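Colleague: I should like a close look at a single part of this model, namely the pairing of oppositely charged side chains. Please describe the residues concerned, and then set them within the chain as a whole.

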Amino acid sequence: MNATVVVILALALGTYAFRLVGPVLHGRVEIPARVQELASAGAVVLLVALLATGALTESGGFAGWARPAGVLVGGVLAWRRAPFPVVVVGAAATAALLRLAGLG
């Protein structure tokens, strides 16, 4: 058996085991409210870090001003509960106009 196939099978089994643990342990393990709060806060922090990394960097350097501005406009539109297509088009238009102006 190829080493790649073994690694893929191991990852598949691990993924299945993680998915199985939830239903099997439901009701048997009580997670404290504080741990649930910290897990939620940790998830938000990780998502914000991913957003910042994707919005601000490209090839190990600064991505320019167009991308962060587009992300900011998209975030504000989403926060104001604009429809998803409006959010996407607004963010893309902002980035495109700034790149066209030479700020990309």
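**Charged pairs and their setting**

Modeller: Arg 34, with a relative accessibility of 54%, counts as exposed. The model in which it is described is a predicted one. Arg 34 is a suitable place to begin, since its side chain forms a salt bridge with that of Glu 37, at 3.7 Å from N to O. In total, the structure holds 2 salt bridges. Side chains of opposite charge can pair when their charged atoms come close.

Arg 34 and Glu 37 lie in helix 2, which covers residues 33–56, and because they are 3 residues apart, about one helical turn separates them. Glu 37 is partly exposed, at a relative accessible area of 48%. The exposed class requires over 50%, so Arg 34, at 54%, falls within it, whereas Glu 37, at 48%, does not.

The other pair requires a longer description. Here the side chains of Arg 67 and Glu 58 meet in a salt bridge, with 2.5 Å from N to O. These side chains are also recorded as making a polar contact, again at 2.5 Å. Glu 58 belongs to strand 1, which consists of residues 57–58, while helix 3 runs over 66–79. Glu 58 is partly exposed, with 44% relative accessible area, and Arg 67 is likewise partly exposed, at 23%. The limit for a buried residue is under 20%, so Arg 67 at 23% is not counted as buried.

Once residues up to four places away in sequence are set aside, Glu 58 touches Ala 63 and Arg 67. A separate distance places Glu 58 with respect to the early part of the chain: Val 6 is 52 residues away in sequence, and the C-alpha atoms of Glu 58 and Val 6 are 34 Å apart. Helix 1 covers residues 3–25. From first C-alpha to last, its 23 residues reach 33 Å, close to the 33 Å expected at 1.5 Å a residue. After helix 1 comes Gly 27, with a positive phi near 90 degrees.

Directly after Glu 58 in the numbering is Ser 59, which lies in the loop between strand 1 and strand 2, the latter being residues 61–62. Most residues other than glycine have a negative phi. Ser 59, although not a glycine, has a positive phi of about 55 degrees. Ser 59 is exposed, at 80% relative accessibility. Arg 81 is another non-glycine residue with a positive phi, here about 65 degrees. Its place is the loop between helix 3 and helix 4, and it too counts as exposed, with 76% relative accessibility.

Between strand 2 and helix 3 there is a further loop, and Trp 65 lies in it. With a relative accessible area of 59%, Trp 65 is exposed. Its contacts, neighbours within four places being left aside, are with Leu 98, Leu 103 and Gly 104. Leu 98 stands 33 residues from Trp 65 along the chain, yet 7.7 Å separates their C-alpha atoms.

Helix 4 comprises residues 84–100 and contains Thr 94. Thr 94 has a relative accessible area of 19% and is therefore buried. Beyond its neighbours within four places in sequence, Thr 94 is in contact with Ala 69, Gly 70 and Val 73.

These details belong to a chain with 4 helices and 2 strands. From the N terminus, its elements follow the order α-α-β-β-α-α. The C-alpha trace spans about 55 × 45 × 25 Å along its principal axes. The radius of gyration is 21 Å, as against a value near 13 Å for a compact globule of 104 residues. Buried residues account for 12% of the 104. The chain exposes about 8,400 Å², of which carbon and sulfur atoms supply 73%. Of the contacts between residues at least 6 apart in sequence, 40% join residues at least 24 apart.

To return to the part requested: one salt bridge joins Arg 34 and Glu 37 within helix 2, and the other joins Arg 67 to Glu 58, the latter residue being in strand 1.

Notes:
Residues are numbered from 1 along each chain as its sequence is written. This is a predicted model: local features need pLDDT of at least 70, side-chain atom pairs count only at pLDDT 80 or more; totals for chains, interfaces and linings use all residues. Side-chain values use heavy atoms; hydrogens and water are left out. Buried means under 20% relative accessible area, exposed over 50%, partly exposed in between (1.4 Å probe, protein chains only). Contact means heavy atoms within 4.5 Å. A polar contact is a pair of N or O atoms within 3.5 Å; within protein, one must be able to donate a hydrogen and the other to accept it, and residues adjacent in sequence count only if both atoms are side-chain atoms. The expected span of a helix is 1.5 Å times one less than its number of residues. A salt bridge is a side-chain nitrogen of Lys or Arg within 4 Å of a carboxyl oxygen of Asp or Glu. The radius of gyration is taken over C-alpha atoms; the globule rule is 2.2 Å times the number of residues to the power 0.38. Accessible areas come from the Shrake-Rupley method with a 1.4 Å probe; for residues, only the protein chains shown count as cover.
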